[in-house]
Amino acid sequence: MVFIYAFLIGGLICAIGQLIQDLFKLTPGHITGIFVMLGTVLDFFNFYDKLIDFAEAGALLPITSFGHSLIHSSMEKAHEIGFLGLSKGMFFTTSDGIVWAIILSVIIGLLFKPKG
């Protein structure tokens, strides 16, 4: 049953993104920014953790999870060390993903020639 929930929630998140892109003629960059912010807002109201408990990978794989990770780790670190923890915590959890995205982007950029 967990697989069905993951498929439905992950698919719903992607379908909402596609609808927003088609209806409002936004670029994928706009959709990415909106969904990162949406994940942050949902975590702020303690909804995203409940969504992860329900759908697991269906909620962890879309880009909304990146916003959730940013704010979640920032708030934890801020409670530990104060105001400076906001920036420290933000990059503590997400730095691995950011580094791998940069490394793979460079490798793919070197291997393939973009079309014009």
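Q: At what distance, N to O, do the side chains of Lys77 and Glu80 meet in a salt bridge?
A: A salt bridge is a side-chain nitrogen of Lys or Arg within 4 Å of a carboxyl oxygen of Asp or Glu. The model is predicted, with local features needing pLDDT of at least 70 and side-chain atom pairs pLDDT 80 or more, while totals for chains, interfaces and linings use all residues. Residues are numbered from 1 along each chain as its sequence is written, and side-chain values use heavy atoms, leaving out hydrogens and water. For Lys77 and Glu80 the N to O distance is 3.9 Å.

Q: Why are Lys77 and Glu80 separated by about one helical turn?
A: Helices are DSSP runs of H or I with at least four residues, strands are runs of E with at least two, and both are numbered from the N terminus. Lys77 and Glu80 are about one turn from each other because they sit three residues apart in helix α5 (residues 64-81).

Q: Is Glu80 buried or exposed?
A: Buried means under 20% relative accessible area, exposed means over 50%, and partly exposed lies in between (1.4 Å probe, protein chains only). Lys77 has 24%, so this residue is partly exposed. Glu80 has 56% relative accessibility and therefore counts as exposed.

Q: How many helices are in the chain?
A: The pattern along the sequence is α-α-α-α-α-α. The chain has zero strands, and its helices number six.

Q: Which element gives the largest share of the largest nonpolar core?
A: A nonpolar core is a set of buried Ala, Val, Leu, Ile, Met, Phe, Trp, Tyr and Cys residues joined through side-chain atoms within 4.5 Å. The largest one has nine residues: Ile9, Ile13, Ile31, Phe35, Tyr48, Leu51, Ile52, Ala55 and Ala59. Two or more residues come from each of α1 (2-24), α2 (28-44) and α3 (48-55). The largest share, four residues, is given by α3.

Q: Leaving aside neighbours within four places in sequence, which residues are in contact with Leu51?
A: Contact means heavy atoms within 4.5 Å. Leu51 belongs to the largest nonpolar core. With neighbours within four places left aside, the contacts of Leu51 are Ile9, Glu56 and Ala59.

Q: What distance separates the C-alpha atoms of Ala57 and Ile9?
A: Ala57 is in helix α4 (residues 57-60), and its 41% relative accessible area makes this residue partly exposed. Beyond neighbours within four places in sequence, Ala57 is in contact with Ala6 and Pro62. Ala57 and Ile9 are 48 residues apart along the chain, and their C-alpha atoms are separated by 9.1 Å.

Q: What type of aromatic pair do Phe44 and Phe45 form?
A: Rings of Phe, Tyr and Trp (its six-membered ring) pair if their centres lie within 6.5 Å; planes under 30 degrees apart are stacked, over 60 edge-to-face and the rest tilted. By this rule there are two aromatic pairs. In one of them, Phe44 and Phe45 are 5.3 Å apart centre to centre with 80 degrees between the planes, which is edge-to-face.

Q: What percentage of the residues in the chain is buried?
A: The C-alpha trace spans about 50 × 35 × 30 Å along its principal axes. The chain has 116 residues, and the buried ones make up 25%.
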